[in-house]
Amino acid sequence: MRLDLLKTLNEERKARRAAILVTDMASGEQRLVKGADIAADPLADLLDQALRAGKSRSAEHDGKQLFLTVQAPPVRIFCIGAVHISQALAPMAKLTGFDLTVIDPRTAFATPERFPDAPVLADWPQNVLPGLGLDQYTGVCLLTHDPKIDDPALIAALKAECFYIGALGSRKTHAKRVERMMAEGFGEDALKRIHAPIGLDIGSVSPAEIAVSVLGEIIAALRKKPLRVEKAA
Amino acid sequence: MLASDDDILIKAQDWKAAGKGVAIATVVETWGSAPRPVGSHLVIDEDGNFLGSVSGGCVEGEVVSEATDVIADGKARTLEFGVADETAWRVGLSCGGRIRVFVERVD
């Protein structure tokens, strides 16, 4: 591997940006495709599939045997609301391999005792999210029912094009939320990306069951739909 | 603590920056119950120091010794390990799987 490719690979990883190293197994020739450049690449479909699966693999193109070293940033989940559902979601997310953090300014809820499996930030989303670098490999669950706490996180998540945004609340509650976001200047396409009511429709009743439906929805958003192609810088 | 793939490739860059010859080994194919997934890395420096794993310990020794040759002559090569054919594979995987490992020098 050329040292400049290795350096770029490490830089992209540090910046939480996707990249794929393409190696021609016969000649040993290599090139690096950054996430933002995948759409314009001759191997776009192949690279997009590999990135979506998040796994390195062999591939064939034009009779050439290739190896794709896929580097996808680790997925992070931010739960707004140190509530029951978050308590169930935290250990499940950990098992799944997602990096989950709970954010809630209500210090009575946001305690480490209630969340042995995840870091808890007892602060307002608008205070902590700017420093956390939301991106397309980040999912956000809005679980407080309180617009004062949920809305600033929703605005940040929409702007950062997070791969998953889920919001708790009835259809009526969500209609009001959509109105508030339109007043903030978001268009219909952006607002369609909010999963509300949150979670897959599996008839969940208990907080743990709702957490299962939310986790399933997060996995589907990550693996099933085409990743939003990273915009060229 | 287990080294993540992050640490592994950064270590390769650090070793190179320190003026060492460095090789990167990558699992490119697996059959059966291979212990480490495709894409796993092992990095090796010219003194035989290494970080990461391609098989969970079964064939690392052989990969490290091949890597020393790769660092010396600069020719990338693909190694195969498994239990199916004693003559083709010098080092076996205890789990019964087979793996193919691509070893290349950092230039």
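## Chain contacts and strand β5 of chain A

In this predicted model, 16 residues of chain A are in contact with 17 residues of chain B, contact meaning C-beta atoms, placed from the backbone, within 7 Å. Elements giving two or more residues to the side of chain A that touches chain B are α1 (3-14), β3 (57-61) and β4 (64-71) of chain A. Of these, α1(A) provides the largest share, six residues. By class, that side of chain A holds six nonpolar, five polar and five charged residues. Nonpolar covers Ala, Val, Leu, Ile, Met, Phe, Trp, Tyr, Cys and Pro, charged covers Asp, Glu, Lys and Arg, and the others, Gly among them, are polar.

Strand β5 (residues 76-80) of chain A has five of its five residues buried, that is, with 20 or more other C-beta atoms within 10 Å of their own C-beta, placed from the backbone. R76(A), F78(A) and I80(A) lie on one side and I77(A) and C79(A) on the other. In a regular strand, side chains alternate between the two faces of the sheet.

Strands are DSSP runs of E with at least two residues, helices runs of H or I with at least four, numbered from the N terminus. Pairing requires at least two DSSP bridges. The pairings of β5(A) are tabulated below.

| Partner strand | Bridges | Sense | Bridge partners |
|---|---|---|---|
| β6(A), residues 99-103 | five | parallel | I80(A) with I103(A) |
| β8(A), residues 138-142 | five | parallel | R76(A) with T138(A) |

β5(A), helix α3 (residues 84-96) of chain A and β6(A) form a right-handed β-α-β unit: with the strands pointing away from the viewer, the path from the first strand over the helix to the second runs clockwise.

Residues are numbered from 1 along each chain as its sequence is written, and chains are lettered from A and ligands numbered from 1 in the order in which they are written. Local features need pLDDT of at least 70 and side-chain atom pairs count only at pLDDT 80 or more, while totals for chains, interfaces and linings use all residues.

Conventions: Buried ≥ 20, exposed ≤ 12 C-beta atoms within 10 Å, placed from the backbone. Contact = placed C-beta atoms within 7 Å.
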